[in-house]
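Reader: I am new to this structure and would be grateful for a close look at one part of it, the surroundings of the ligand. Please set that part in the context of the whole.

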Amino acid sequence: MTVPRFMAAKSKGKRLSVLTAYDHLWAGLFDEAGVDAILVGDSLGMVVQGKSTTLPVTLDEMIYHGEMVVRAVKQALVIVDLPFMSYQVSPAQAVENAGRVFKETGCAAVKLEGGVHQAATIRALAQADLPVMAHVGMRPQSIRRLGAMSKVQRDEVELLADARAAEEAGAFGIVLELIPRGIAAKITKALSIPTIGIGAGPDCDGQVLVSCDMLGLTDGFQPKFLKRFANLRETALNATRQYITEVAQGEFPDAAHSHE
Ligand code: KIV
């Protein structure tokens, strides 16, 4: 997958699947399964680091995880999130930091949050030949202003303006997070770049989920949009309990798992 192929999927009517990954093991597995793109999301601050928001994630941490993911991937497009305050200061700051991400991870693209207010930055990245995906609607890096992560964003005029500004500035794709399906459908129709929805209904050009949620590894987080395609948490818990019991009872290792 390349950025031009990702963009061309829209006109061909091919729906794009995107999943987050943060390490070599899972990135390799998702790639083998055939996912179109892997997002090294700054959601790693919450799902990997156990923090309550994505705000503390650093550029060095994104590069550390991005590099592991890129090394595992043979075909998917790898997109790395620019973390909070690594691009908001100025377009020049964004180009410099995104440049590090590209050089040190080998990724194909970066993602930043924003539309109208980040248009100059998106333009600067695109002009430096650094493919950039935008992210509008619910933007986790704006949590301090928005107040909550789970708030559906309903301002149609603002959402359309953000999406149009991102496309016009040179974004190659756009994530639509937590917006009503009708607005997502209008944005998808209005743009020529692919829209990738999360909590934005079925009419986007593709979908993205946080992989730990999609696999049922996480617990206690059940927004309406989330479908768990497996219950790996239960499977892993049962396997771990079984291991503990067999070790305690002297059943493992048995003869079949011992060297003579
Ligand atoms: O950081 C992330 O995982 C994301 C997705 C939820 C789109 O931005």
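**The ligand and its surroundings**

Author: The structure holds zero disulfides, a disulfide being a pair of cysteine sulfur atoms within 2.5 Å. This is a predicted model, in which local features need pLDDT of at least 70 and side-chain atom pairs count only at pLDDT 80 or more, while totals for chains, interfaces and linings use all residues. Residues are numbered from 1 along each chain as its sequence is written, and side-chain values use heavy atoms, with hydrogens and water left out.

The ligand is surrounded by residues that each have a heavy atom within 4 Å of it; among them are Thr-20, Leu-39, Gly-41, Lys-111, His-135, Ile-198, Val-208 and Val-210. Asp-42, Ser-43 and Asp-81 also belong to these surroundings. Each of the three places a polar side-chain atom by an oxygen atom of the ligand, at 3.1 Å for Asp-42, 2.5 Å for Ser-43 and 3.1 Å for Asp-81. The protein buries 95% of the 260 Å² that the ligand exposes when taken alone, with areas from the Shrake-Rupley method and a 1.4 Å probe.

As for the wider setting, an automatic or database domain assignment divides the chain into domain 1 (3-229) and domain 2 (231-260). Their centres, taken over C-alpha atoms, are 39 Å apart.

The largest nonpolar core (buried Ala, Val, Leu, Ile, Met, Phe, Trp, Tyr and Cys residues joined through side-chain atoms within 4.5 Å) has 59 residues, and Ile-38, Ile-174, Leu-176 and Ile-187 have the most contacts inside it. Another core, of 16 residues, lies apart from it and includes Val-3 and Val-175. Cys-204 counts as buried (under 20% relative accessible area; exposed is over 50%, partly exposed in between; protein chains only) because its relative accessibility is 2%.

Definitions and conventions. Buried means under 20% relative accessible area, exposed over 50%, partly exposed in between (1.4 Å probe, protein chains only). A polar contact is a pair of N or O atoms within 3.5 Å; within protein, one must be able to donate a hydrogen and the other to accept it, and residues adjacent in sequence count only if both atoms are side-chain atoms.
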